[in-house]
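Welcome! Below are some short exercises, each followed by a worked solution. Have a look at the structure, try each task yourself, and then read on.

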Amino acid sequence: MKLFSVSIALFATLNVLAQDTAFIAAGNPIIRHKYTADAAALVYKDTLYVYTGHDVAPAKENRYVMHDWLCFSTTDMKHWTEHPSPLNTSIFKWAKDDAWASQVIERNGKFYWFVAITHDSTHRGKAIGVAVADNPKGPFKDAIGKALITNDMTTEAKISWDDIDPTVMIDKGQAYLFWGNTTLHYVKLQENMIEMEGAFKKIELPKFTEAPWVHQRNGWYYLSYAYEFPEKIAYAMSRNIEGPWEYKGILNEIAGNSNTNHQAIVAYKGQWYFIYHNGALVPDAGSFHRSVCIDYLYYNKDGTMKRVVMTSEGVKPIKK
Ligand code: FUB
């Protein structure tokens, strides 16, 4: 316990001492000085924030080693700033480790960071926690003091990692949390964002693996997700956030050299972007040394999405 408190204090101290770091994106992957994965996007005021996981497995080691989440921002898609890591697994005292996929959402001037993380030995397997901050760059603190969702709350999947990959959307004032691996659930959240309301509901989608992401455009709701394994990204559409969802096909192919692909979809300054990861960075790259990439996303006239073209050039800078 003492060691745990020391590690939190150390993290807080290092965070205060740490500085913003500027870098320029030169195509894909956009971040090359460290391995990043599971991007989530948030537009707040004039800025696009991209929150990521952080792969730190020793070279050639084939397992996820992830202890913190990272925060990057841009206002033109070319000039980026890396902010000191605003969230580390040690912040969640009830958890063990494993900074898996996450998403940050703003409500009533507060920023809520929903994360997948491994629970300590009091519960088996993965859980979903929530951190909160007054600023998109943090510092974030545990919003509840315990997990919001634990592995034993869903029982259909007989694996310990089925309660991962949270994604949140607020629709007409009502917040919804979607999550899952091999089974996909959603639940309503209360306005405080840290308590649930009503029963879990299950969504059936073809070959659902993980990584749900919900977004909205022109009266359509889109639920994209990792499909099969190795993962492609597929999606479904609905006129209602509670469904029914109609499967629409593959959106992105397997991303080079990585079993996972984990997407975020966001509109920023009039353009839609598809954010994902691949294993393109050498020398250690692969499924456990991933890198975030950004490409354009386009829609057809009927609202369906065009298949993403993954590029090494990436996206162009936004002109002022
Ligand atoms: O990064 C760990 C896990 O790999 C994420 O939670 C999944 O979405 C997959 O990308």
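## Exercise 1: A glutamate inside

E82 has a relative accessible area of 7%, so this residue is buried. Keep in mind that the model is a predicted one.

**Task.** Find the strand that holds E82, and find the side chain with which the side chain of E82 makes a polar contact.

**Solution.**
1. Start with the strand: E82 belongs to β5, which covers residues 79-88.
2. Next, look at the surroundings. Beyond the neighbours within four places in sequence, E82 is in contact with several residues, including Q19, D20, F23, H33 and F72.
3. Now pick out the polar partner: the side chains of E82 and H33 make a polar contact at 2.6 Å.

## Exercise 2: The ligand and its surroundings

**Task.** Which residues surround the ligand, and how much of its accessible area does the protein cover?

**Solution.**
1. List the surrounding residues: D38, Y64, M66, W100, A101, D165, E210, T260, H262, H277 and R290.
2. Check the side chains. D38 places a polar side-chain atom 2.4 Å from a ligand oxygen atom, and R290 has a polar side-chain atom 2.8 Å from an oxygen atom of the ligand.
3. Turn to the backbone: a polar backbone atom of A101 is 3.3 Å from an oxygen atom of the ligand.
4. Finish with the cover. On its own the ligand has 280 Å² of accessible area, and the protein covers 99% of this.

## Exercise 3: Two nonpolar cores

**Task.** In the largest nonpolar core, which residues touch the most other members, and which strand gives the largest share?

**Solution.**
1. The largest nonpolar core has 40 residues, and those touching the most other members are M77, W80, L251, I265, I275 and L297.
2. Strand β19, residues 271-278, supplies the largest share of this core with 5 residues.
3. A separate second core has 26 residues, among them Y49, A95, I117 and F140.
4. For background, nonpolar side chains in soluble globular proteins tend to be buried together.
5. Zoom in on I275: leaving out residues up to four places away in sequence, I275 touches A39, A41, V50 and H262, among others.
6. Follow the contact to A41, a residue of strand β2 (residues 35-44). A41 has 7% relative accessibility, which is under the 20% cut-off, so A41 counts as buried.

## Exercise 4: Aromatic rings

**Task.** Are the rings of Y176 and Y186 stacked, tilted or edge-to-face?

**Solution.**
1. Begin with the total: the structure holds 21 aromatic pairs.
2. The ring centres of Y176 and Y186 are 6.2 Å apart and the planes meet at 50 degrees, so this pair is tilted.
3. Place the two residues: Y176 is in strand β11 (residues 174-179) and Y186 in strand β12 (residues 184-189), 10 residues apart. Both Y176 and Y186 are buried.
4. Elsewhere, one aromatic cluster is formed by Y49, Y51, W69, F92, W94, W113 and F140.

## Exercise 5: A tyrosine in β15

**Task.** Is Y222 buried or exposed, and which backbone oxygen does its side chain reach?

**Solution.**
1. Y222 lies in strand β15, which covers residues 220-227.
2. Its relative accessibility is 0%, so Y222 counts as buried.
3. The side chain of Y222 reaches the backbone oxygen of G303 at 2.5 Å.
4. Apart from residues up to four places away in sequence, Y222 also touches W213, Y235, W245 and Y299, among others.

How values were computed:
Residues are numbered from 1 along each chain as its sequence is written. This is a predicted model: local features need pLDDT of at least 70, side-chain atom pairs count only at pLDDT 80 or more; totals for chains, interfaces and linings use all residues. Side-chain values use heavy atoms; hydrogens and water are left out. A nonpolar core is a set of buried Ala, Val, Leu, Ile, Met, Phe, Trp, Tyr and Cys residues joined through side-chain atoms within 4.5 Å. Buried means under 20% relative accessible area, exposed over 50%, partly exposed in between (1.4 Å probe, protein chains only). Helices (H or I, at least four residues) and strands (E, at least two) are DSSP runs, numbered from the N terminus. Contact means heavy atoms within 4.5 Å. A residue is near a molecule or strand if one of its heavy atoms lies within 4 Å of it. A polar contact is a pair of N or O atoms within 3.5 Å; within protein, one must be able to donate a hydrogen and the other to accept it, and residues adjacent in sequence count only if both atoms are side-chain atoms. Accessible areas come from the Shrake-Rupley method with a 1.4 Å probe; for residues, only the protein chains shown count as cover. Rings of Phe, Tyr and Trp (its six-membered ring) pair if their centres lie within 6.5 Å; planes under 30 degrees apart count as stacked, over 60 as edge-to-face and the rest as tilted.
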